[in-house]
Amino acid sequence: HGDSGLSSSFMQQTMPLLLPLMTNQDAAIRRHVLAALKQVLKAGMVHPALCVPQLVALHVDPEKHTQQHAQQLLRELIEKHAKYVLAEIPTGIPRAWSFFKELKQKNQAEDKTSADALAVVYQHVQSDKH
């Protein structure tokens, strides 16, 4: 049981280094960090709201696989922790816009992709307002 506390403590200290990598210019890095984050969240090692801005930002990822996994993970987090996660979604919109602009500068993103992706984020928020 002590190992899980140590692991959790380590992950909480590592997250500030890991989270910026979710919007790295290298698609492989984004894919691997997202996969690692999914496991960390599944194990309950960090607060789910911590990664919401980056998950929202990945909604504009030009890599469909990464985009879909980020959308799925965000949906799962909303289902389990709606109160915390929905409160953090608006902070992800500027991050998504910055990420999109960075990708656009490198010719890795299309305007339609951004609009569609942000529409998905909006749908998350709307569908969870009862």
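This passage describes the packing of two helices and the pocket associated with them in a predicted model.

Helix H2 spans residues 27–42 and helix H4 spans residues 64–105. The axes of H2 and H4 come within 15 Å and cross at roughly 160°. Because angles over 145 degrees count as roughly antiparallel, H2 and H4 are therefore roughly antiparallel to each other. The crossing in which H2 passes H4 is right-handed. On the H2 side, the contact is made by Arg30, Arg31, Leu34, Leu37, Lys38 and Leu41. H4 contributes His65, Thr66, His69, Ala70, Leu73, Leu77, Phe99 and Leu103 to this contact. By residue class, the contact of H2 with H4 comprises 8 nonpolar, 3 polar and 3 charged residues.

The largest pocket encloses about 190 Å³ of space. Its lining consists of Lys38, Leu41, Lys42, Gly44, Val46, Pro48, Leu73, Glu76, Leu77, Lys80 and His81. H2 and H4 each supply at least two residues of this lining, and the largest share, 5 residues, comes from H4. The lining of the largest pocket divides into 5 nonpolar, 2 polar and 4 charged residues.

The helix contact and the pocket lining have residues in common. Lys38 and Leu41 of H2 take part in the contact with H4 and also line the largest pocket. On H4, Leu73 and Leu77 likewise belong to the contact with H2 and to the lining of the largest pocket.

Conventions:
Residues numbered from 1 in each chain as written. Predicted model: local features only at pLDDT ≥ 70, side-chain atom pairs only at ≥ 80, totals over all residues. Heavy atoms only, no water. 1 Å grid on protein atoms, 1.4 Å probe; cavity = no way out; pocket = protein on both sides within 12 Å on 5 of 7 lines; lining within 4 Å. Points joined across faces, edges and corners; volume = space filled by probe spheres on them. Helix = DSSP H or I, 4+ residues; strand = E, 2+ residues; numbered from the N terminus. Nonpolar A, V, L, I, M, F, W, Y, C, P; charged D, E, K, R; others polar. Axes fitted to C-alpha atoms, helices over the stretch in contact; angles between N-to-C directions. Parallel < 35°, antiparallel > 145°, perpendicular 65-115°, else oblique. Left-handed = near helix turned anticlockwise from the far one by under 90°. Contact = heavy atoms within 4.5 Å.
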